[in-house]
Amino acid sequence: MSARLTVIGLGKLGLPLAAFYATRGATVCGVDRDERRVRAIVERATIDLDNEQGLRSAIEGLEDGRLSFTTNTAAAVGASDHVIIVVPVIARAHGAVDFTAMESACDAVASNLKPGTTVIIETTLPVGTTRKRLTPLLERSGLTLGRDLFVAFSPERVLVSRIFTDLERYPKIVGGVDASSGARAASFYEAHLKAPVWQVRNTETAEFVKLAETCYRTTSIALANELAMIADAKDIDMLEIIRGANSQPYSNILEPGIGVGGHCLPVYPFLLEESGVDAPLIERGRAINASMGEYGVRRLEAALGGLAGKTVLILGVSFRPGVQETAFSPAFDVRDALVERGARVLACDPLYSDDQLAALGFTPGKIPQPDADAVVLQTAHEQFQPFDPNDFPRAAVVLDGRNVLDRTAIESAGKRYLGIGR
Ligand SMILES: NC(=O)c1ccc[n+]([C@@H]2O[C@H](COP(=O)([O-])OP(=O)(O)OC[C@H]3O[C@@H](n4cnc5c(N)ncnc54)[C@H](O)[C@@H]3O)[C@@H](O)[C@H]2O)c1
């Protein structure tokens, strides 16, 4: 008999996951507490379907009854033998971690669990959270852990926009609060994924894997950024440094840039801190990355001889090329640093309408923008290439925050080119 799965949290992750497991033979009910979200999905009125590769065709190719949606968590869970929870755990200002959505999802799950259900948390968590904070909530169901309730953690390692591909690409890491929980969760994934399933010792190990891989990336990017700032100070091109240094196998310097955004890299160092450990290197890396917007604007200010009264166009508000997501986007840092110095700031992004930009607090700009005194490339959307410096006849400086523009073309047009580390 096919697995009956409930996926809780139909966001950028949960909706594709629900559709994916339905295409792999499970009977899936997707749950979200946001009625508008559920209605938009049911009516296919959401553009999210096209932002995620393969999602629309997966949903539209399913036979009737394979995938349904509701706001009623208890009813869905009562009819399931497996539950995946993927609602956000977020860090608020100053890094305070907010478990409200996750705890309320666990409470709702516990209210109607049937014996034998396996609950798997996929949201990234501080180490120890599944066992110490969430399992007790699930045990309020009255079921006994390891006998008729099974709880596991399995980090979601995919990138939004290519979730289906990534699900098949990376090993699925799974850890249970006890041996039988781990084994049951692993067999669910083995039955539905082609990727290898790696059962690790416990939930803490599985939680730490995700934090370790993302904090590794945070710290590596921070190192690239620090080296880029040294390159700027010494008037050396960082791209040449990277090419030279990475020409032997022991060095893999990443690309520097005007900041990192998204739900993961800027946030997960706080989850590590919440785990009760001291991680000064990782925290310093997070802080360096968070300062890059300000750094870029300082360079621009120096090149222009001040920013007061200057019009600056930011190209791209998404945190990543090709993705309509602004969580922790460096675009906000760049905008705020410019405004603080008295600049008039405009922004344009092919993935956002003028109304959406305004709702995010940006004054919409455009290409061409004849009155721009400077241009900052914040997101390397492919639509910004080829970059024509003549679209900005008044601009004296172009700050290439992603080191992807054609420096020669910009300088040939009589403009000053600045990169990050070049
Ligand atoms: N977005 C990513 O790139 C990414 C990548 C890897 C892992 N993750 C993990 O996935 C988690 C979710 O990310 P997302 O991007 O899908 O978030 P999202 O903000 O796009 O969506 C979350 C959804 O959960 C719903 N929700 C919140 N509380 C709920 C509850 N108690 N019951 C039912 N529904 C509830 C919200 O209404 C929303 O629709 C993240 O916190 C992260 O740990 C995300």
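The following exercises, each with a worked solution, concern a predicted model.

**Exercise 1. Cysteines**

Task: Determine how many disulfides the structure holds, and state where Cys-106 and Cys-215 stand with respect to this count.

Solution: A disulfide requires two cysteine sulfur atoms within 2.5 Å. For Cys-106, the nearest cysteine sulfur belongs to Cys-29 and is 17 Å away, so by the 2.5 Å cut-off Cys-106 is in no disulfide. For Cys-215, the nearest cysteine sulfur is that of Cys-264, at 11 Å, and Cys-215 is likewise in no disulfide. The count for the structure is zero disulfides.

Task: Decide whether Cys-106 and Cys-215 are buried or exposed.

Solution: The limit for a buried residue is under 20% relative accessible area. Cys-106 has 0% relative accessibility and therefore counts as buried. Cys-215, at 3%, also counts as buried.

**Exercise 2. The ligand site**

Task: Describe the shell of residues around the ligand and identify polar atoms that approach the ligand.

Solution: Begin with the composition. The ligand has 23 residues around it, of which Gly-11, Lys-12, Leu-13, Asp-32 and Thr-124 come nearest. By class, the shell divides into eleven nonpolar, six polar and six charged residues. Helix 6 (residues 100-110) supplies the largest share, three residues.

Next, consider individual atom pairs. A side-chain N or O atom of Asp-32 is 2.6 Å from an oxygen atom of the ligand. The backbone also takes part: a polar backbone atom of Thr-124 is 2.9 Å from a ligand oxygen, and a polar backbone atom of Arg-33 is 3.2 Å from a ligand nitrogen. Finally, turn to the surface: the ligand taken alone exposes 840 Å², of which the protein buries 88%.

**Exercise 3. Strand pairing**

Task: Establish how strand 2 and strand 3 are joined, and which residues of strand 3 lie on its covered face.

Solution: Strand 2 (residues 27-31) and strand 3 run parallel and are joined by four bridges. Val-31 stands opposite Thr-70 of strand 3. Within strand 3 (residues 67-70), Leu-67 and Phe-69 form the covered face, whereas Ser-68 and Thr-70 form the uncovered one.

Task: Give the strand order of the six-stranded open sheet and name its edge strands.

Solution: The order is 13-12-11-14-15-16, with parallel pairing. Strand 13 (363-364) and strand 16 (416-418) are the edges, since each pairs on one side only. Inside this order, strand 11 (residues 311-315) pairs with strand 12 (residues 344-348) over five bridges in the parallel sense. One partnership joins Ile-314 to Ala-347 of strand 12.

**Exercise 4. Backbone features in loops**

Task: Locate the cis peptide bonds that join Ile-367 to Pro-368 and Gln-385 to Pro-386.

Solution: The bond between Ile-367 and Pro-368 is cis, with omega about 0°; Pro-368 lies in the loop between strand 13 and strand 14 (374-377). The bond between Gln-385 and Pro-386 is also cis, with omega about -5°; Pro-386 belongs to the loop between strand 14 and strand 15 (397-400).

Task: For Phe-328 and Asn-403, give the sign of phi and the class of accessibility.

Solution: Phe-328, which is not a glycine, has a positive phi near 55°. Phe-328 sits in the loop between strand 11 and helix 15 (330-340), and its 39% relative accessibility makes it partly exposed. Asn-403, also a residue other than glycine, has a positive phi of about 55°. Asn-403 occupies the loop between strand 15 and helix 17 (407-412); at 11% relative accessibility, Asn-403 is buried.

Conventions. Residues are numbered from 1 along each chain as its sequence is written. This is a predicted model: local features need pLDDT of at least 70, side-chain atom pairs count only at pLDDT 80 or more; totals for chains, interfaces and linings use all residues. Side-chain values use heavy atoms; hydrogens and water are left out. Buried means under 20% relative accessible area, exposed over 50%, partly exposed in between (1.4 Å probe, protein chains only). A residue is near a molecule or strand if one of its heavy atoms lies within 4 Å of it. A polar contact is a pair of N or O atoms within 3.5 Å; within protein, one must be able to donate a hydrogen and the other to accept it, and residues adjacent in sequence count only if both atoms are side-chain atoms. Accessible areas come from the Shrake-Rupley method with a 1.4 Å probe; for residues, only the protein chains shown count as cover. Helices (H or I, at least four residues) and strands (E, at least two) are DSSP runs, numbered from the N terminus. Ala, Val, Leu, Ile, Met, Phe, Trp, Tyr, Cys and Pro count as nonpolar, Asp, Glu, Lys and Arg as charged, and the others, Gly among them, as polar. Two strands pair if DSSP finds at least two bridges between them.
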